[in-house]
Amino acid sequence: MVIPGGSYRRGPPPYLTIGLIAANTAVYVYTSYQNYFLESSAGSIYSLGFTPYLLFSSPVQGVARVFTAMFTHADILHIFFNMYFLYLFGYSVENYLGRLRYLLVYFASGVVASLFHTAFSSVSDWGLLMTPAVGASGAISGVLGAYLILFPNTKMSMCTILVILPVCFPVASYVFMILWFALQVVYGYFTATTIATFAHVGGFLTGILGTWLIARRLTKQYQQTTGMSLADILGSLGIILRGRRGLGRAAKGVLVALILAVVAGYLYGALGSVLARPQTYVLSVSADGFGDQVLMVLQGGGVYVTTSQVDEVRVLINRLQDTFFYDPSSANNTRVVQESYITQVSGVSVPVELRAEVTYGYGGVLENATGVMLSRVVNVNPYTGVGRLGPSIQVSFNISAAEVDWAVGVLALDVLAVVVSSATVVAVLRSEEASAIGEELDLLPFA
């Protein structure tokens, strides 16, 4: 838990921030009332969430989903903590930037967060393209980035639980922001989390860059209106404060190192897209009457098929072997498949009996398939993650494939992420140009 200091909670109430909280809450009530307000329905997640592939297959719908996803949340804890952070940090940022500039930073951060998330599919998992993402986290991460630029030295209280007792201690806001940002980068690269951490990264960097571009002139105007800052006046009298307005050298160094790590990741993704030239296909799958679309990627001679949120489709896809989807020896031919094999699902050896007719096109890529699969389900303990074989199942299925040229679009977004991240390095190095006038008051012994 974190509580910012009250030094900059002055001025009128943050009506825009309150309005955003009200809008998010209203949408959550609508999407969750069927589940007693504990979580949004699966249908609302699919219909309002941002599914990245839509940017390429249906751009108008994809752009619309970027904005609807900003107001949709998965469950009650998701919306609570998002709105908590929005109010705590949005209060000061809105009052300093003004409502129009604040709204611009908020939505720009949310949009770029979605683009960073989409581009990260080439770095992490192509399955991101087919998975709905929801939440205002990207936009709120931008508000955190704005707060870092404007009020880096404002005192905050960080609270945690030590054994069984709550412990709180004061820190400068830049310490919390940099720690939080580092966790997003580390989790994004090194953990298999379902949280869109690089959407947070994109929003945070956009908030830093956008606020620096906007607030430089604003801060200069404030300084011209109020005259020299207190630090400047004391400096002219030979009294030098130990602190400084804006970020210090160490903070800048850590931030720049983290941002360069982000740049390196997206450069890796872009380079992989150029050298490996991935081919992408959308598979329309019907399993026992339940349908879904999954993504198939051919890259470096291998095949990767994303999973599905539909149980019947997921069970089928998890048990089909790579050669079922891609078989160069069967190019431009139809193959009758009758085989039995053992495959691994959640660490469990699962028997599979497959009878199907598969048509392959140029290069041996599946075009159409119809058949029946006999297997057994795997029951996974949600607490231990241990799986065990369940009852037998029979799945009748139809699969058709259509090639899509999404890799080029993802490559373009990789380049965009590199450009935005690189520009943010400049903003960090010159952050004091935008930091709020008067923040150095907290550095005085009597403040």
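**Exercise 1. Find what tyrosine 266 touches beyond its sequence neighbours, then place the residue in the fold.**

Start with the contacts: once neighbours within four places in sequence are set aside, tyrosine 266 meets Phe116, Ala119, Phe120, Val123, Phe198, Asp414, Ala417 and Val418. Keep in mind that we're working with a predicted model here.

Next, the address. Tyrosine 266 sits in helix α11. Is it buried or exposed? Its relative accessibility is 0%, so tyrosine 266 counts as buried.

Now pick one partner from that contact list, Asp414. Along the chain, tyrosine 266 and aspartate 414 are 148 residues apart, yet their C-alpha atoms lie 5.3 Å from each other.

**Exercise 2. Work out where serine 273 and serine 41 sit and what each one touches.**

Take serine 273 to begin with. It belongs to helix α11, which covers residues 249-276. Its relative accessible area is 9%, and the cut-off for buried is under 20%, so serine 273 is buried. Skipping residues up to four places away, its contacts are Ser122, Pro278, Leu411 and Asp414. Asp414 should ring a bell, as tyrosine 266 touches it too.

On to serine 41, which lies in the loop between α1 (15-32) and α2. With 15% relative accessibility, serine 41 also counts as buried. With the same sequence neighbours left out, serine 41 touches Thr31, Gln34 and Asn35.

**Exercise 3. Decide how the buried residues of helix α4 are arranged around its axis.**

List them: in α4 (residues 59-69), Gly62, Arg65, Val66 and Ala69 are buried. Look down the helix axis and these residues fall within an arc of 110°, so they line one face of α4.

What covers them? The cover includes α2 (42-48), α3 (54-57) and α6 (99-119).

**Exercise 4. Describe how α5 and α7 pack.**

Get the geometry down: α5 (residues 76-97) and α7 (residues 137-150) pack at an angle of about 40°, and their axes are 9 Å apart. The two helices are therefore oblique to each other. As for handedness, α5 passes α7 in a left-handed crossing.

Then look at who meets whom. On the α5 side, the residues include His78, Met83, Phe85, Phe89 and Tyr96. Among their counterparts in α7 are Ile140, Val143, Leu144 and Tyr147.

**Exercise 5. Trace the seven-stranded sheet and find the helix packed on it.**

Walk across the sheet in order: β6-β5-β4-β10-β9-β8-β7, an open arrangement with antiparallel pairing. Which strands are at the edges? They are β6 (302-305) and β7 (334-345), each pairing on one side only. On average, neighbouring strands are turned by 25° against each other, direction ignored.

Zoom in on one pair. β7 and β8 (residues 348-360) run antiparallel over twelve bridges. As an example, serine 340 has glutamate 353 of β8 as its bridge partner.

Finally, the helix. α12 (residues 311-319) packs on this sheet and touches β4, β5, β6, β7, β8, β9 and β10. The direction of α12 makes about 100° with that of β9.

**Exercise 6. Step back and give the overall numbers for the protein.**

Count the elements: there are 14 helices and ten strands. Of the 447 residues, 49% count as buried. Then check the contacts with a separation of 6 or more: 69% of them involve residues 24 or more positions apart.

Technical notes. Residues are numbered from 1 along each chain as its sequence is written. This is a predicted model: local features need pLDDT of at least 70, side-chain atom pairs count only at pLDDT 80 or more; totals for chains, interfaces and linings use all residues. Side-chain values use heavy atoms; hydrogens and water are left out. Two strands pair if DSSP finds at least two bridges between them. Helices (H or I, at least four residues) and strands (E, at least two) are DSSP runs, numbered from the N terminus. Axes are lines fitted to C-alpha atoms, for helices over the stretch in contact, and angles run from 0 to 180 degrees between N-to-C directions. Contact means heavy atoms within 4.5 Å. Buried means under 20% relative accessible area, exposed over 50%, partly exposed in between (1.4 Å probe, protein chains only). The arc is that of the directions from the helix axis to the C-beta atoms. Angles under 35 degrees count as roughly parallel, over 145 as roughly antiparallel, 65 to 115 as roughly perpendicular and the rest as oblique. A crossing is left-handed if the near helix is turned anticlockwise from the far one by less than a right angle, and right-handed if clockwise.
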